[in-house]
Amino acid sequence: MSRDYDLAHLHPVVRDKVVSLTKKFEQESLPFRLCEGFRSPERQHHLFGQSRTRPGPRVTNADAWSSFHQYGVACDFVLFIDGKWSWNDKGKYKKYWTRLHVLAKEVGLKPLSWELPHLQLESISLNELKQGKYPAGGDESWADNLSDAISNWTLSPAPPMPSGGFQRPPLPDTATEDSPSLSSSISSISSQYRVTARNGLYMRAGPSTHFNVVSTLAANQLLQVTHKRDDWYQVDLEGDGLADGYCHSGYLVAND
Ligand SMILES: [Zn+2]
């Protein structure tokens with residue numbers, strides 16, 4: 001559960017901001033370095049336990065999946081002086097942290113007043129992230145890393161899988177903003193499936209029976225499959241391209 005400062009695990013939108021910010025630090029000779037980017041839910045849960053289930057100072061208010069770090073949209077910058085990390089914010093160092101926050105806002109990263117090194121994407125809420133409404137433009141290295149974190153997590157419901165390199169299909173030329181053909185155009189392109197369970201089918205929050213049942217689907221109900229992972233399919237009920245939950249693949253057949 002070591003620190004992860006791999007830029008590839010950050011969402012591309014945040015990755016670009018981190019690169020811009022690092023350039024600004026160089027221009028101003030500010031000794032900040034990226035200390036941590038993506039943070040696994042296991043590590044977040046472990047840090048959360050400090051001062052609660054284990055001795056030690058309180059280091060975070062967020063449990064697993066409640067920090068932007070788990071979604072690759074937060075980063076921590078810490079002073080790196082004489083070969084050592086420093087959280088010193090007293091005396092001559094105070095102005096460095098003030099400057100960190102000014103420059104972060106310039107690139108669209110939001111500081112938290114109670115956690116000096118922490119910066120997060122400002123254009124999205126934690127609730128949206130928890131519901132799988134991830135920022136547009138996610139790439140494979142970000143999505144693969146997040147998908148692994150989601151499928152390895154077993155303690156509580158995990159957020160929906162990102163759709164990876166999947167991009168929404170473009171609308172046909174004839175479709176307009178409010179055209180009812182929006183959903184049908186997506187249906188015709190993504191894979192349509194039908195529920196074959198006689199008494200309905202459990203849709204769960206994640207890809208295993210450890211996850212809560214979020215809905216029960218009717219026999220013969222039609223839905224879209226947006227992602228396949230082992231025996232579990234990520235499904236989209238409304239055809240809006242957004243994931244609603246997971247169903248076991250044994251009760252879904254392609255509707256063609
Ligand atoms: Zn942080």
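## Helices, cores and a covered strand in a predicted model

On the other side of α5 from its buried residues, Asp 148 and Asn 152 are exposed. The model described here is predicted. The buried residues of α5 are Trp 142, Ala 143, Asn 145, Leu 146, Ala 149 and Ile 150. Viewed down the helix axis, these buried residues fall within an arc of 165°, so they line one face of α5. Their packing partners are α1 and α2 (41-49).

The chain as a whole has 256 residues, of which 33% count as buried. Its secondary structure comes to 6 helices and 12 strands. Among contacts with a separation of 6 or more, 62% are between residues 24 or more positions apart.

Helix α3 covers residues 94-106. In this helix, Trp 97, Leu 100, Leu 103 and Ala 104 are buried. They cover an arc of only 125° around the axis, which puts them on the same side of α3. The face turned away from that buried side carries the exposed residues Lys 94, Lys 95, Thr 98, Val 102 and Glu 106. Against which elements do the buried residues of α3 pack? They pack against one helix, α1 (12-27), and against the strands β1 (32-36), β2 (74-81), β4 (109-112) and β5 (115-121). Just after α3, Gly 108 takes a positive phi of about 90°.

The lengths of the two helices are set out below.

| Helix | Residues in helix | End-to-end C-alpha distance | Expected span |
|---|---|---|---|
| α3 | 13 residues | 19 Å | 18 Å |
| α5 | 13 residues | 18 Å | 18 Å |

For α3, the distance is close to the expected value. For α5, the distance agrees with the expected value.

The largest nonpolar core has 35 residues, and Cys 75 and Phe 77 touch the most other members. At least two residues of this core come from each of α1, β1, β2, α3, β5 and α5 (140-152). Cys 75 is in contact with Leu 10, Val 14, Val 18, Leu 34, Gly 37 and Leu 119, leaving aside its neighbours within four places in sequence. Apart from this core lies another, of 12 residues, which includes Val 195, Leu 217, Tyr 246 and Cys 247. In soluble globular proteins, nonpolar side chains tend to be buried together.

Strand β10 runs over residues 232-236 and is mostly covered, with 5 of its 5 residues buried. Which of these residues point one way from the strand, and which the other? Trp 232, Gln 234 and Asp 236 point one way, while Tyr 233 and Val 235 point the other way; all are buried.

β10 is paired with two strands, β9 and β11. Strand β9 (residues 222-229) is joined to β10 by 5 bridges, and the two run antiparallel. Within this pairing, Gln 234 in β10 is the bridge partner of His 227. Strand β11 (residues 245-248) also pairs with β10 in the antiparallel sense, over 4 bridges. Here the bridge partner of Tyr 233 is Cys 247 in β11. Cys 247 is also one of the residues in the core of 12 residues.

Methods:
Residues are numbered from 1 along each chain as its sequence is written. This is a predicted model: local features need pLDDT of at least 70, side-chain atom pairs count only at pLDDT 80 or more; totals for chains, interfaces and linings use all residues. The expected span of a helix is 1.5 Å times one less than its number of residues. A residue is buried if 20 or more other C-beta atoms lie within 10 Å of its own, exposed if 12 or fewer, and partly exposed in between; C-beta atoms are placed from the backbone. The arc is that of the directions from the helix axis to the C-beta atoms. Two residues are in contact if their C-beta atoms, placed from the backbone, lie within 7 Å. A nonpolar core is a set of buried Ala, Val, Leu, Ile, Met, Phe, Trp, Tyr and Cys residues joined through C-beta atoms within 7 Å. Two strands pair if DSSP finds at least two bridges between them.
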